[in-house]
Amino acid sequence: MSVLVVLVVSFLAYSFELYVEPPPNGSKKVTIGSPEEQGKMLWQQKNCTSCHQLYGLGGHLGPDLTHVSSQRSPEHIAAFLMSGTIVMPNYHFSQEEINALMAFLKSVDESGNGDPRTFKLNLDGTISQKNN
Ligand code: HEC
């Protein structure tokens, strides 16, 4: 019985500690109404993920776009979004929508740098990642 009490108390204490701990410094909040967020909504509404992957997840007709912002010029990305191709549909986006999608892809690019070899395993079983 006392073992059970110890387990319950430590579970509650640890849960409390995890919930009150502030998020790591590097985590960036996407604010509501920001271009990134509008771009994310467009990404979902137009179902870009049916053909493209982010972080390796998604359809395979088109390329993975996690790092497209750093691999391609803004003009290159805008050209695809403006007119599509034979395979990729033309969504007739406005300039504002193109900017929003590019801001979203840029934020994905910045967040998608998780090389597991750089992770540090903490004593309590959680992992921390160096901000790169
Ligand atoms: C029907 C499948 C399909 C959908 C849906 C689609 N794409 Fe594509 N996309 C492609 C293909 C295929 C390519 C590669 C170029 C080609 O061969 O046409 C591509 C290329 C791109 C590129 C250029 C990538 C590079 O490295 O050159 C970007 C950026 C892009 N798509 C963004 C989007 C966004 C944003 C959406 C949603 C609004 C979207 N795509 C929806 C199929 C699709």
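1. The ligand occupies the second largest pocket. Here a pocket is an open set of points on a 1 Å grid over the protein atoms alone, with protein on both sides within 12 Å along at least five of seven lines; the ligand sits in it if more than half of its atoms lie within 2 Å of its grid points.

2. A quick caveat: this is a predicted model, where local features need pLDDT of at least 70, side-chain atom pairs count only at pLDDT 80 or more, and totals for chains, interfaces and linings use all residues. Residues are numbered from 1 along each chain as its sequence is written, and side-chain values use heavy atoms, with hydrogens and water left out.

3. Now the iron. H52 (NE2) and M88 (SD) coordinate the iron atom of the ligand at 1.9 to 2.2 Å. H52 is in the loop between helix 2 (35–45) and strand 1 (53–54), while M88 is in the loop between helix 4 and helix 5 (95–111), 36 residues apart.

4. Why is the arrangement octahedral? Because the 6 donor atoms around the iron subtend angles of 85 to 178°. Octahedral means six donors (N, O and S atoms within 2.8 Å of the metal, or 3.2 Å for Na, K and Ca) with opposite ones over 155 degrees apart and all others between 65 and 115.

5. Look at the ligand's oxygen atoms too. A polar side-chain atom of H76 lies 2.6 Å from one oxygen atom, and for R72 a side-chain N or O atom is 2.8 Å from a ligand oxygen.

Notes:
A polar contact is a pair of N or O atoms within 3.5 Å; within protein, one must be able to donate a hydrogen and the other to accept it, and residues adjacent in sequence count only if both atoms are side-chain atoms. On a 1 Å grid over the protein atoms alone, a cavity is a set of points where a 1.4 Å probe fits but cannot get out, and a pocket is an open set with protein on both sides within 12 Å along at least five of seven lines; lining residues have an atom within 4 Å of a point. Four donors count as tetrahedral if all angles lie between 85 and 135 degrees; four count as square planar and six as octahedral if opposite donors are over 155 degrees apart and all others between 65 and 115; anything else is irregular. Helices (H or I, at least four residues) and strands (E, at least two) are DSSP runs, numbered from the N terminus.
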